[in-house]
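Me: I would like to understand how the terms used for a protein structure are tied to numbers. Could we go through this one together, term by term?

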Amino acid sequence: RTVHLAGLSATLLEQRADGSIALRIRNDDIRIDRDVRWCSDSIVLHPVRGEDGRSLLLAEGRRILLDRSPTPTRIDNPEKVNGSIWFSDPTRLTLLPDARMFISNKAELELTNGSELHLMPGSVLELAPRAKVTADRGSRIVLHAGARIIAAPKQVKKLRRSGAWVDPPQ
């Protein structure tokens, strides 16, 4: 139940009369150029070397929403969060060592309904000066030892003040 983000994509270009198809396969597709909502127990960003050495690039004005799925994925042990009952785990996005995620100007990474972003040692989250990262109560960003967030001081201050930024226990 893990989604792996590794830069691979397949696009159907043509369905031919004889039943054959034409595909475009890419192994460097790291740009998110439309708004997306991701729900999964586990999403893993691999250290792909795409555009400017980045593993994932959120284009200007776009949004990634990490959300908890309302679709039940278990039949017992429901959790009550913010007045809602959930039969699914919160979404967890993990940046593996050496993975680099870039949030462009006017783009937003939003965590909601208990979602988590884990930056593993050696991974980097880079925010353009007008990029935005938000997390509701119960969602969090965990910066493991050796991981980095590259952002303007006011962006870092806002994240820490919100309570979303959590340093792991020593």
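Me: What makes R54 count as a charge over the ring of F102?

Reply: A charge sits over a ring if NZ of Lys or CZ of Arg is within 6 Å of the ring centre and within 35 degrees of the ring normal. R54 lies over the face of F102, at 3.8 Å from the ring centre, so the rule for the distance is met. Likewise, the charged end of R160 sits over the ring of W165, at 4.0 Å from its centre. Please keep in mind that this is a predicted model, in which local features need pLDDT of at least 70 and side-chain atom pairs count only at pLDDT 80 or more, while totals for chains, interfaces and linings use all residues. Residues are numbered from 1 along each chain as its sequence is written, and side-chain values use heavy atoms, with hydrogens and water left out.

Me: How many aromatic pairs does a search of the whole structure find?

Reply: The search finds zero. To pair, rings of Phe, Tyr and Trp (its six-membered ring) must have their centres within 6.5 Å, and planes under 30 degrees apart would count as stacked, over 60 as edge-to-face and the rest as tilted.

Me: Why is A128 called buried?

Reply: Buried means under 20% relative accessible area, exposed means over 50%, and partly exposed lies in between (1.4 Å probe, protein chains only). A128 has 6% relative accessibility, and therefore counts as buried. A128 lies in the loop between β15 (124–127) and β16, and, not counting residues up to four places away in sequence, touches F102, I103, S104, N105 and Q155, where contact means heavy atoms within 4.5 Å.

Me: Which word fits T112, buried or exposed?

Reply: T112 is at 12% relative accessibility, so T112 counts as buried too. This residue lies in the loop between β13 and β14 (116–119), and its contacts beyond four places in sequence are L65, L66, D67, R68, D136 and S139. In the protein chain, buried residues make up 43% of the 170 residues.

Me: What makes a group of residues a nonpolar core?

Reply: A nonpolar core is a set of buried Ala, Val, Leu, Ile, Met, Phe, Trp, Tyr and Cys residues joined through side-chain atoms within 4.5 Å. The largest one here has 35 residues, of which W38, I64, M101, I103, L109, L117 and L119 touch the most other members. Leaving aside neighbours within four places in sequence, I64 is in contact with residues including I32, V36, W38, L56 and M101. In soluble globular proteins, nonpolar side chains tend to be buried together.

Me: How do you know that β13 and β16 pair?

Reply: Two strands pair if DSSP finds at least two bridges between them. Strand β13 (residues 108–111) and β16 are joined in the parallel sense over four bridges, so they satisfy that rule. Within this pairing, E108 stands opposite K132 in β16. Helices (H or I, at least four residues) and strands (E, at least two) are DSSP runs, numbered from the N terminus, and the protein chain has one helix and 19 strands.

Me: Why are β5 and β16 called edge strands?

Reply: The open sheet of four strands has the order β5-β8-β13-β16, with parallel pairing. Its edge strands are β5 (36–38) and β16 (132–135), and each pairs on one side only. Another open sheet, of six strands, has the order β1-β6-β11-β14-β17-β19 and is also parallel, with β1 (2–5) and β19 (165–166) at its edges.
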